[in-house]
Structure formats: structure tokens, C-alpha cells
Amino acid sequence: MVSLLNPYKFVFATKKPEGNGKWYGVGIDIEKCIGCASCARSCKTENDVLAEPFFFRNWIEQYTITNDGQIKVSSPNGGIDGFTQPVPDDEIYKTFFVPKMCNHCAKSPCTQVCPVGASFESPEGIALVDQNYCIGCGYCVQACPYGCRYIDPRKGVVDKCTLCYHRLEKGLDPACMMACPTGARLYGDLNDKESALSLFVKENNCAVLKPQLNTESKLFYNGLSQEVH
Amino acid sequence: MNKFESLYEALANMDGYIYPNEIVLNWDLLIVMYPYVTGLVAGAFILASLNRVFDIKALRPTYEISLLTALSFMLVATMPLITHLGQPWRFYEMLITPHLTSAMAIFGFVYLWYLMVVLLLEIWFDYRYDMVMWSKQKKGFMKYFYKALTLWISDTSKESRKTDDKLGYFVTVIGIPSAFLLHGYVGFIFGSIKANPWWSTVMMPVIFLFSAMVSGIALVMFIYMVVSYLRKQKMDMKALDTIAKYLFYILILDFTLESLDQIHRIYEADESFDILQILVRGKLFFTFFIMQIGVGTLIPLATLGFLQFKKPRERIRKIIYWAMSVCVLVGIFYMRWNVVIGGQLFSKSFYGFTSYKVDLIGGTDVWLSVLWFIVPFFILAFLLWLLPPWKKHPAEH
Amino acid sequence: MPVQIRRLLIAFAIFIGIMLVLKYYLTPESWREYGPYRGYALTEIAGDEAKYVQMETCSMCHDSIAELKSQGVHETIECEICHGPGYKHADEPEHNRMEIIGDGLFCLRCHEKNMARPENIIKQIDAAEHSEGEECTTCHNPHQPWL
């Protein structure tokens with residue numbers, strides 16, 4: 001009876017695959033991130049993203065909380081231009097880097113609102129955009145709570161992180177995962193309880209961004225501080 | 001590239017921190033124009049239905065004008081959306097493979113339903129007898145044009161006119177919830193975005209609907225006065241007074257709903273409140289307090305309210321009605337602006353703002369928006385020539 | 001049935017018929033193969049060329065440098081982070097050369113002192129104090145920095 005009344009199956013376009021298919025997720029360890037932006041840089045190169053500072057599939061943010069409680073956030077060209085602290089070191093209470101990217105949500109609002117079905121989740125749980133079908137209405141860009149989508153001005157369609165789907169098929173790692181020098185980024189199969197990602201989520205106290213929106217984000221942060229939005 | 005120039009400028013004017021992708025405002029003036037135009041359609045239709053269904057006889061002189069106004073704007077309603085798309089030629093995909101979990105996907109069907117089943121049918125039933133008579137009177141191309149419009153029906157009997165009347169009434173009754181759906185879903189498109197706290201509220205469809213009714217009624221008042229003036233005909237003051245009365249009542253409802261939304265937001269003061277407060281007091285100060293609330297709501301409320309108690313001379317009333325309809329039209333435009341543009345000016349990180357400068361010279365969105373607002377008036381002029389309400393044959397009922 | 005309704009029904013039937021025909025012909029073939037989207041899109045997206053080839057491919061030819069790197073603290077760092085994508089070079093090594101970093105202070109991208117960088121994860125220096133603007137490679141071998 002409950003399943004008859006369950007609106008989720010209709011309202012949300014994504015669902016976890018039955019059986020033992022892969023169900024990709026991402027893990028980011030904030031305690032290991034050094035803000036070098038190799039991930040942001042390599043993503044732009046790998047995926048042919050415009051070099052201008054307005055279009056990013058992933059980026060790094062620097063959070064600086066001063067002694068008097070001010071929160072300053074910056075992301076100069078997504079982090080690619082390097083970071084400097086906005087105040088002298090002795091005024092800083094706390095500071096850290098937060099890499100951001102598509103959360104590949106299990107109940108993604110972006111796939112829910114696409115009017116033509118160009119924004120979808122692959123059977124493995126990767127949120128993708130069909131750029132040959134997208135009409136460029138921008139509804140998904142508005143619906144994403146994490147700001148990780150943009151409209152590519154060259155094509156007039158939406159572009160976003162694909163978890164380097166084209167690399168996964170060839171047995172390679174996503175560009176950002178490969179590029180991280182400290183191993184702060186990892187990805188893997190959430191269905192496989194022995195995978196590196198599953199162990200990461202198990203052994204750390206992980207959090208997701210904006211859990212109150214119930215997007216069931218599959219990007220798990222270790223060391224996420226409450227100032228991060 | 002030229003378009004990046006404005007983005008670099010926005011980057012320099014960035015206030016606080018925004019997600020890097022948020023510098024670009026994707027939903028620009030064209031998306032402000034779309035709810036404005038469909039709102040005018042829904043509002044004009046509701047005024048027509050006040051006469052037809054709720055039997056407010058004083059509004060009879062404006063019945064056809066309301067319908068034809070609604071039709072003129074309806075014919076243009078999709079154009080702001082299509083011209084805004086990144087891939088406009090793919091627009092048909094929404095009709096062929098609509099993704100049913102998306103509110104935007106029903107747009108194509110709601111639009112077609114309202115245009116064809118409600119507006120066109122109602123106008124057709126109202127004018128069918130007249131079109132048959134005109135096809136008999138005219139010669140040449142127009143004769144066949146009117147014949148085609150009547151779907152080659154030449155029945156002019158009393159029974160057929162009674163049928164027209166009954167069916168027209170039936171269509172209008174269906175039309176009222178359809179009008180609510182036509183504009184309510186636009187409000188739902190914004191109201192269902194949980195990612196954006198300025199948009200995400202249960203009140204959004206209701207607020208959109210009532211502001212649509214207000215703008216539509218004001219538009220019909222304005223057009224009726226302009227058309228009467230151009231035709232050098234005496235304006236039916238009773239009709240104008242009645243329109244103003246309903247404008248006043250619905251404006252009260254609209255103002256109440258909007259105030260309720262804001263009071264609730266201020267009282268609950270959730271995590272988004274701080275940034276939204278800065279937004280409203282800062283970047284939206286002129287468009288929100290002065291234009292939407294001041295010019296668009298308080299001045300018309302005070303003036304029209306005063307008129308309910310003491311009616312000045314006809315000449316002065318006409319000037320007041322003309323001025324107030326313009327005020328309301330402008331105010332509701334700014335309401336759409338505040339919702340659409342305002343919702344994109346602040347960052348979803350709640351840490352900063354971007355900026356939007358309307359590029360009056362080079363911006364294609366400005367020219368297209370102005371075009372899509374002006375074209376319906378030309379269509380209306382054509383329709384008034386094709387189906388003149390003042391040349392209709394007298395009704396038998 | 002009144003004549004109006006008969007004619008209107010015909011008109012609407014024609015219109016709906018046209019819509020259904022259009023829907024049949026314009027719906028993409030792979031629609032609904034896996035879900036409410038064009039299934040062929042998965043193949044299209046997967047078909048893009050991979051630009052970074054990753055360490056294993058580099059070490060197939062550059063085995064001595066790979067060996068050197070694997071003995072130092074930079075062992076987990078991908079060659080292509082510093083040298084750029086290698087797909088063209090891996091295809092035709094003679095025609096497409098990899099990038100050899102010209103900027104001597106390139107290393108500061110990671111190693112510049114910043115309070116947000118965790119001390120236990122990476123060694124950081126203040127460029128002015130540490131080397132007075134001299135190039136990092138004067139003293140450090142980038143493939144094995146402590147050599």
C-alpha cells in the first residue's frame with residue numbers, strides 16, 4: 001500500500017539499479033587538499049572546457065575564518081590562478097580548501113527538471129548531459145543547488161562534470177582523480193562494500209553539502225566544516 | 001570575445017563570493033518577459049470570464065476586447081522562450097519527448113490546450129454567426145477567408161446561435177481553471193526549485209496567478225481606453241468603473257499574498273534570510289520597494305481605493321484610470337523582474353552577489369523582449385480589424 | 001450532433017493525428033532504452049578521446065625516470081600534472097613533444113606557503129625566504145626532490 005502512494009518513483013527520474021550494477025560515488029578528503037588546483041586544471045584540459053574564468057566543471061574554494069568570526073571565501077579562476085590569504089596569518093582562526101564538483105546526486109534535481117530528458121543519470125549513477133539533445137533552456141542550471149552546471153556558449157547547451165565517463169569506459173581514472181597529488185580525491189562503486197570509496201565513507205565521518213535539500217548527494221566529504229555551503 | 005567582456009565586468013563587480021559558474025545570469029530579460037506575457041493572457045481572460053460566467057453585465061463592452069487581447073498575447077507567448085533557448089531549433093523536443101517529471105515539459109501541452117481549446121474556441125463560438133454574415137457581405141479574398149474561419153459552416157439559424165452560446169459558456173467555464181493552470185504552472189516552475197530560496201515557496205504559483213490577474217485587468221482597461229479614444233467613441237464609464245473596482249479587489253488580494261510571503265520569510269529567518277535581506281535592501285531596492293511596491297501596488301491601491309468612496313468627475317476619472325493601469329502594468333513587470341533576476345543575483349553559497357546589467361545597445365535580449373511585447377499590439381490591431389466587436393450583429397439573448 | 005461540434009471534432013482529429021505522426025517520426029531511436037533519455041547518448045559521451053594517458057603508459061618508454069620517481073616522495077604524482085596531457089605524444093612521440101616546464105618557480109603551485117595547506121600533508125616554503133627567488137630546480141630534482 002505504501003508503495004502505491006510513493007510519489008518518489010514518479011517525481012524523481014533516477015533510481016538505484018537493481019542487481020549488482022556499479023553505483024558510482026565520489027569521496028573528497030578536505031584534510032588532505034592542498035589547493036594546488038591540479039584537479040581543476042586537468043579537468044579543463046581533458047574535457048575541452050573554455051579557459052575563461054566563468055565556466056567550470058570543478059573548482060577549489062579557499063575558506064578563511066578570521067579571529068573575529070568573518071568568513072571569507074575565494075576561488076580565483078576556480079583556484080587555477082593560485083591562492084593568497086586575504087588577511088595576515090596571525091588574524092586567521094581557521095582556513096582550509098574545499099574542492100567542489102558535481103555531486104552526482106541519487107535524487108538529482110537537475111535530472112528531475114529537464115523538460116526534454118537531456119539531463120539524465122546513467123545506469124551507473126553518473127549524472128550526464130546529452131549535448132546533442134539539450135535545448136539549452138538552463139532549467140537544470142537553476143535547479144542545481146551546488147552550482148556545478150553552466151551553459152557552454154560555444155554550443156548553447158549545458159555542460160557539467162561527467163566523472164570523465166569517456167575515461168571510465170577505457171579503464172582510466174577521471175582526470176581530477178588522477179591529477180590530485182595528495183590522494184584527496186577518490187571515486188568508486190558504492191555497491192561494492194570493499195571498494196576504496198566504501199571504506200572511505202565507513203572509516204571517516206563523512207558529510208554531504210546541503211543535506212536538508214535531500215538531493216542524496218553521492219559526493220562525500222571528510223572534514224566538512226559547517227561554514228561550507 | 002564581446003560577450004565575455006560583460007562577464008569580465010560582472011567578475012570585477014562581484015560582491016563577496018559566488019560559485020564560479022554563477023557569474024553568468026542564464027535567465028535574462030526574455031525570461032522576465034515570458035511570465036509577464038502569459039500573465040497578461042490569463043488576466044485578460046479572467047476579466048472576460050467575469051462577464052461571461054459570473055454575469056457581471058457592466059463588463060459587456062470589454063468582453064471581446066479582453067478575449068482578443070488574450071489571443072494576441074497568447075500567439076506571441078512562446079516566442080520569448082524559444083528565442084532564449086541555447087538551441088532554439090530543438091524546441092520541438094518538448095512536445096515530442098516531454099520529460100514528465102519536469103514542470104517545464106507540460107508547457108507545450110498547456111499552451112496548445114489553452115490556445116486551441118479555450119481561447120480560439122471561445123472566440124470562434126462568439127464570432128461564428130458574425131463571420132458567416134460577414135462572409136456573405138464581403139467579396140473576393142475576404143469572403144473565402146471568413147468562410148474558412150467558420151470551418152465552412154453556413155448555418156445561421158436561431159438554434160445554431162443558441163448552441164454557440166451554450167458551448168461558448170461551457171468553454172469559458174473550462175477556461176477559468178485552464179487560465180489558472182497556464183499561469184500557475186509558471187509560478188510552479190520557480191516555486192519548485194528547492195535550490196533557490198528566493199523562488200522556493202508554496203506561495204509562488206498563487207502569487208504569480210494573482211499578479212497575472214492584476215496585470216491582465218489593467219491591460220484590458222488600458223486597451224479599452226486607447227481603442228475607444230482612437231475610434232473617437234464614448235467610453236462606457238460604468239464598464240471602466242467596474243473594471244477599476246475588480247482591479248482594486250484583486251490588487252488587495254495580490255498585495256496580501258505578497259506581504260504574507262515576505263512576512264513569513266522575515267519571521268522564520270532561515271539560513272537564506274541574511275543574504276536575501278541584503279539583496280532586497282541593496283540590489284533590488286529600486287525595483288522592489290520603489291517600482292513594484294510603490295508604483296505598482298501602493299499608489300494604485302490608494303487611488304483606486306479612494307475612488308470607491310468618492311468618485312470625481314468623469315474626465316478626471318479617465319485620467320486616473322489611464323495612469324493607474326500604466327502603474328500596475330509597470331509594477332507587475334518589475335515584480336517579474338524581481339523574481340527572475342533577483343533570484344539569480346545572489347549566490348547559492350549565500351556568500352555573495354553577481355550583477356546583471358541590461359545592455360540597452362548591444363543586448364539581443366533587450367531588443368527581443370521589446371519586440372515580443374510590441375508585436376501583440378499589432379496582432380491586436382489586426383484582430384480588431386478582422387473581427388470588430390462593434391460591428392457584431394446584435395445578440396438575441 | 002450540432003454542426004459546430006462535428007466540424008470541430010474533425011479539425012481536432014486532424015490536428016492530433018498530425019501530432020501523433022510527428023511524434024512517431026521525430027522520437028529518437030534509442031529513446032527509453034535505459035530510462036527517459038536517449039540511450040545512444042551514453043555511447044556518444046563514452047566515445048570522446050582521453051587526453052591524459054596516466055603514469056603506466058609514460059613508464060613504458062620513460063622507465064628510468066619512472067624508476068627514479070618511484071623511489072622519492074613524488075612517487076604518487078602523475079607525470080602529466082606537470083608535463084601536460086600525453087595522448088598526442090603517446091601516439092607519435094617524435095612529432096608531438098611533451099612540455100618541459102620552463103618556469104623555474106612552477107613548484108610553488110603546490111609548495112608555496114599557505115596556512116590552509118595542511119603541514120602534515122605537504123612541505124611548504126616561503127619563496128622569498130627559502131631561495132630568494134632562485135629557481136627550485138637549482139637544488140631539487142623534480143623527479144626525486146630529496147636527491
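Let's start with B:Asp165, which is partly exposed, with a relative accessible area of 28%. Keep in mind as I go that this is a predicted model. The side chain of B:Asp165 meets that of B:Arg52 in a salt bridge, 3.2 Å from N to O. Now, B:Asp165 sits in helix α8 of chain B and B:Arg52 in helix α2, residues 29-52, so this pair ties together parts that are 113 residues apart in sequence. And B:Arg52, for its part, is buried, at 15% relative accessible area.

Okay, a second one within chain B. B:Lys357 forms a salt bridge with B:Glu9, and there the closest N and O atoms are 3.2 Å apart. How far apart in sequence are the parts that this pair ties together? The answer is 348 residues, because B:Lys357 lies in the loop between β2 (352-353) and α14 (364-386) of chain B, while B:Glu9 is in helix α1 of that chain. As for the surroundings, B:Lys357 is exposed, with 61% relative accessible area, whereas B:Glu9 comes out as partly exposed at 37%.

There's also a network in chain B. B:Arg60, B:Glu64, B:Asp126, B:Asp130 and B:Lys392 are all linked through salt bridges. If you search the whole structure, you get 20 salt bridges over all chains.

One of those goes between chains, and I'd like you to find it on the screen. C:Arg38 forms a salt bridge with A:Asp130, with the closest N and O atoms 2.7 Å apart. On the chain C end, C:Arg38 is in the loop between α1 (3-26) and α2 (40-46). On the chain A end, A:Asp130 is in the loop between β6 (127-129) and α4 (139-143). Are these two residues buried or exposed? Both C:Arg38 and A:Asp130 are buried.

Right, on to the interfaces, beginning with chain B against chain A. The contact takes 41 residues from chain B and 57 from chain A. Together the two chains bury about 4100 Å², and 57% of that is on carbon and sulfur atoms. In chain B, the residues that lose the most area to chain A are B:Asn21, B:Lys194 and B:Tyr351, together 17% of what that side buries. How many salt bridges are there between chain B and chain A? The count is zero. What you do find across this interface is 28 residue pairs in polar contact, counting pairs with both residues at pLDDT 80 or more.

Which pieces of chain B are involved? Helices α1 (2-12) and α5 (93-96) of chain B each supply at least two residues of the side that touches chain A. Of the elements, α1(B) gives the most, with five residues. By class, that side of chain B has 23 nonpolar, 12 polar and six charged residues.

Next, chain B against chain C. Here the contact takes 20 residues from chain B and 16 from chain C. The buried area between chain B and chain C is about 1500 Å², with 80% of it on carbon and sulfur atoms. The rule finds zero salt bridges across this interface as well, and five residue pairs in polar contact, both residues at pLDDT 80 or more. On the chain B side, α6 (107-137) and α8 (158-191) each supply at least two of the residues that touch chain C. It's α6(B) that gives the most there, with seven residues. That side of chain B divides into 13 nonpolar, four polar and three charged residues.

Last topic, the nonpolar cores. As a general point, nonpolar side chains in soluble globular proteins tend to be buried together. In this model the largest nonpolar core has 149 residues, and the ones touching the most other members are A:Tyr139, B:Trp27, B:Tyr114, B:Leu119, B:Phe190, B:Tyr321 and B:Leu387. Once again α6(B) shows up, giving the most to this core with 17 residues.

Take A:Tyr139 and click around that residue. What does A:Tyr139 touch, leaving out residues up to four places away in sequence? In chain A the neighbor is A:Val113. From chain B you have B:Trp27, B:Ser102, B:Ala103, B:Met104, B:Ile189, B:Ser192 and B:Ile193. Apart from the largest core lies another core, of 51 residues, including A:Trp59, A:Phe97, A:Val98 and A:Cys176.

That's what I have.

Notes:
Residues are numbered from 1 along each chain as its sequence is written. Chains are lettered from A and ligands numbered from 1 in the order in which they are written. This is a predicted model: local features need pLDDT of at least 70, side-chain atom pairs count only at pLDDT 80 or more; totals for chains, interfaces and linings use all residues. Side-chain values use heavy atoms; hydrogens and water are left out. Contact means heavy atoms within 4.5 Å. Buried area is the accessible area (1.4 Å probe) that two parts lose on being put together, summed over both. A salt bridge is a side-chain nitrogen of Lys or Arg within 4 Å of a carboxyl oxygen of Asp or Glu. A polar contact is a pair of N or O atoms within 3.5 Å; within protein, one must be able to donate a hydrogen and the other to accept it, and residues adjacent in sequence count only if both atoms are side-chain atoms. Helices (H or I, at least four residues) and strands (E, at least two) are DSSP runs, numbered from the N terminus. Ala, Val, Leu, Ile, Met, Phe, Trp, Tyr, Cys and Pro count as nonpolar, Asp, Glu, Lys and Arg as charged, and the others, Gly among them, as polar. A nonpolar core is a set of buried Ala, Val, Leu, Ile, Met, Phe, Trp, Tyr and Cys residues joined through side-chain atoms within 4.5 Å. Buried means under 20% relative accessible area, exposed over 50%, partly exposed in between (1.4 Å probe, protein chains only).
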